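Please open the model in a viewer and keep the selection panel at hand. The stops below are meant to be followed in order.

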Amino acid sequence: MDHGPAVEYHECEELLKYKQKAGLRLFFVYSAIYGIFVLLNTVFPRMMESVVFFGLNLAIVYGIGLIVVAIILGLFYNHQCTKMERRLDTSGSKTLRGSE
Amino acid sequence: MIYTASPLAVGIFFAVVAAVLGISFYFGRKTTSARGYFAAGGTIHWSVNGIAFAGDYLSAASFLGICGMIAFSGFDGFLYSIGYLAGWVVALFVVAEPLKRMGKFTFADALDSKFNSKGIRLMAAISTLVVSIFYLIPQMVGAGALVTPLLGLPHWVGVTLVGGIVIFIVTTAGMKSTTYVQFLKGALLIVFSVILVFLVVDRGVQDIPYEGYHDFITLQAELTDGSVTSLSDPAYTIKGEYTENGLHFVKLEKDGISNWWNLEETGTLTEALSIVTLSDGTVLYNGAPREDQLFYPVGNMHRITVDGEQVEEAGSLNIISFLAVIQESEVVRFIADVFISGDERVRIWYQKVTPGNEILSPGLKFHIDEGSSFAEKMNFISLMLALFFGTAALPHVLIRYYTVPTPSAARKSTIVAIAAIGFFYILTLYMGLGAMISGVLDVESSNMSAPLLAQSFGTLMFAIISAIAFATVLGTVSGLIVASSGAVAHDFIDNFLGKKFSDHKKVIIGKFAAVGTGLIAILLGIAFKGMNVAYLVGLAFAIAASANLPSILLLLFWKKTTAKGITASITAGIISAVGIIMLSPSMFTRYGLEASSAPFPLDNPGIISIPLSFAVLIIVSLMTQDKRQPFEVKASTS
């Protein structure tokens, strides 16, 4: 049955473990920030009305903040992974199993 | 509302459709193999794929549904933006690279990469089809909503038109053309949304949105024993009253036209919008036939406050002061209700002055403030859970990981997607709030809020935004149909049934599957007319998160996962999620029944179905361990 990857990759174990660990760490960090947001909205919805700065309330600042934080964490993760890929010099080495 | 087609809008619309078809033809000629059809040959550059991700993801739900929900429910609509974007974090940090390493054409490839299990193949194919169809419904509903004002055609024509064009695109080309269509559409959507937001913020906030905006009248009423007995304007006569749950509506007649009004606690009657269906089937819009155009567009400020001072308008603002002014001011919203009075069925939208701090805080749609029930809070948590875990389990998102050449390209394209999608979702807040106060809302269709906001800046802007929105639907539907056809041709026929066809025949089977899925989508799109598309997509997320995500995560991170565990988990996820949706209050309303009679109190199943699917996977896996050959997870080492 042919359902393996279309492209075989040769990434060393150390790199894979690093990426997985870094990804999981950042995932848990973001999940915690997101979880607190959902919890605040559910348990203390009136707290979200309090003005934080520039006339904007906590709901708006936290909500937009969640979007911005996702982008920043993504860029940070990519930076770390790319740095490690360069150090171990394995990324991009690949063997095509078939081509169009 | 009455919509009339403009030649400019029609021209731009057909130009966009022609461009989409042109791209499809161009790439279609080059696609001959299954790998080319289902995965664009794995040759797409990560930056193009990232924007194409955005194109795939920023569907009718994001553009039409979320803007509409913000326009009608403020911050609660924006919660969808936050949840949809947060889901990408799961995709990036946990799923993107491992899935790329393990799969070939579909996410079933990845799930089954260690087992060679027919059960996984079958259930993954079914799951892909179910999620895709649930996701297709809102896209088709959105298409129907768009075509009405754009081309002056009925809803069902719009749905059929989109279905027809997409079936044509998908059967002539495949994943490569879909990718470039998505790239183009994603980029255009973001660029023109930026322009629209700039126009909204620059216009600022006015007391009266525009010249000619309907002046909603108020009357003073005198009450005796709770009933209205006289009015401040003798030209009106009292024709009926209806009281329910603290609401008091009064039917008044003037110049032979009857309309319903809302009686406030202060004794003031405020004009409302109403659609009345008489016993003989006649439908009256504010007491007159629809053609008389007495059913007005709405949405305006009630009181504008800037730095503590009340003003008539707050001209050219910036992205922070725009929000701050709304936060300090008061907005008139139109709240829907339905009741039966005598032999009339009345759908009413009455005015409610809402403080800005309530608009920009949770609670207008999701009842989670003090006094809300446990079920209402659970409903909210359930939705946010489904949005968070749904993205990384959507078939049309997952197949895009196979269009790039390497796992690092999959990661980078996800980051481009997060940046593009995140930026767009911040724009939805401004577009939704802009629509809320611009006097453009069609209370019958929240989905039309963003295009109608664009219309307030002229026909050209309306035409461009509507055409892009239509291309949005075309692109997303194309991606979903490619995912579905891959599930049928590759997962079901090739791998489950074991029918070995040539590459060329596999593509033909995929195209037949695309036609079938497209036809189903057309029928469902017509059946679900009028439902908010962001809400409908929320259901697709819940099914995806319940059926697919537990299997993906535990396959990657739990060594004891077995094939039977995955098969059982997908089965439990689909059945529980779809079952709960079918028994939910919203669906009961759709069936024409009382929402309160629904046996299950939640609208979104995630909080039950996601943990259930995880539990089933763990229990079944533990029960089906092969002690002779312990399974080792090599998810990231293939």
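Two residues are said to be in contact when heavy atoms of theirs lie within 4.5 Å. The model is a predicted one.

**Stop 1: B:Arg303**

Select B:Arg303, which lies in strand β10 of chain B. Which residues does B:Arg303 touch, leaving aside its neighbours within four places in sequence? The contacts are with B:Gln310, B:Ser329 and B:Glu330. B:Arg303 is partly exposed, since its relative accessible area is 33% and the partly exposed class runs between 20% and 50%. Now add B:Val353 to the selection: 50 residues separate B:Arg303 from B:Val353 in sequence, while their C-alpha atoms are 9.2 Å apart in space.

**Stop 2: the sheet that contains β10**

Extend the selection from B:Arg303 to the sheet around it. In chain B, six strands in the order β9-β8-β14-β13-β10-β11 make an open sheet with antiparallel pairing. The edges are taken by β9 (283–285) and β11 (309–311) of chain B; each has a single partner strand, so one side of each lacks a neighbour in the sheet. On average, neighbouring strands of this sheet are turned by 25° against each other, direction ignored.

Go through the pairs from β10 outwards. Strand β10 (residues 300–306) of chain B runs antiparallel to strand β13 (residues 330–341) of chain B and is joined to it by three bridges. To see one of these pairings, select B:Met301 and its bridge partner in β13(B), B:Val331.

Move on to β13(B) and β14(B), an antiparallel pair with twelve bridges. Here B:Ala336 has B:Trp349 of β14(B) as its bridge partner. The two strands β13(B) and β14(B) form a hairpin with two residues between them, and B:Gly342 in the turn has a positive phi of about 60°.

From there, turn to strand β8 (residues 273–277) of chain B, which is antiparallel to strand β14 (residues 344–355) of chain B and shares five bridges with it. In this pair, B:Ile275 stands opposite B:Arg347 of β14(B).

**Stop 3: a second sheet of chain B**

Select next the strands β3-β2-β7-β6-β5-β4 of chain B, given here in their order in another open, antiparallel sheet of six strands. β3 (227–231) and β4 (237–244) of chain B are the edge strands, each pairing on one side only. From one strand to the next, the twist averages 40°. Seven bridges connect β4(B) with strand β5 (residues 247–254) of chain B, and the two run antiparallel. B:Thr243 is found opposite B:His248 of β5(B).

**Stop 4: the nonpolar core**

Which residues have the most contacts inside the largest nonpolar core? They are A:Phe37, B:Tyr84, B:Trp88, B:Phe322, B:Tyr425, B:Leu433 and B:Phe470, in a core of 207 residues. Colour helix α5 (residues 75–102) of chain B, which gives the most to this core, with 19 residues. Then centre the view on B:Phe322: not counting residues up to four places away in sequence, B:Phe322 touches B:Val200, B:Val201, B:Val205, B:Leu317, B:Tyr430, B:Leu433, B:Gly434 and B:Ile437.

**Stop 5: helices α16 and α17**

Select helix α16 (residues 459–496) of chain B. Its 38 residues should span 56 Å at 1.5 Å a residue, and the end C-alpha atoms, 52 Å apart, agree with this. The helix α16(B) has a kink of about 25° centred on B:Ala487. Because 34 of its 38 residues are buried, α16(B) is largely enclosed by the rest of the structure. After α16(B) comes B:Gly498, with a positive phi near 75°.

Continue to helix α17 (residues 503–527) of chain B, where 25 residues should span 36 Å at 1.5 Å a residue; the end C-alpha atoms are 36 Å apart, in agreement. Among the buried residues of α17(B) are B:Lys506, B:Val507, B:Ile509, B:Gly510 and B:Ala513.

**Stop 6: the two chains as wholes**

Finally, zoom out. Chain B contains 22 helices and 14 strands, and 63% of its 638 residues count as buried. Chain A has two helices and four strands, arranged along the sequence as β-α-β-β-α-β. Of the 100 residues of chain A, 46% count as buried. Among contacts with a separation of 6 or more, residues 24 or more positions apart account for 77% in chain B and for 71% in chain A.

Note on methods: Residues are numbered from 1 along each chain as its sequence is written. Chains are lettered from A and ligands numbered from 1 in the order in which they are written. This is a predicted model: local features need pLDDT of at least 70, side-chain atom pairs count only at pLDDT 80 or more; totals for chains, interfaces and linings use all residues. Side-chain values use heavy atoms; hydrogens and water are left out. Two strands pair if DSSP finds at least two bridges between them. Axes are lines fitted to C-alpha atoms, for helices over the stretch in contact, and angles run from 0 to 180 degrees between N-to-C directions. The expected span of a helix is 1.5 Å times one less than its number of residues. The bend at a residue is the angle between axes fitted to the seven residues ending there and the seven starting there. Buried means under 20% relative accessible area, exposed over 50%, partly exposed in between (1.4 Å probe, protein chains only). A nonpolar core is a set of buried Ala, Val, Leu, Ile, Met, Phe, Trp, Tyr and Cys residues joined through side-chain atoms within 4.5 Å.
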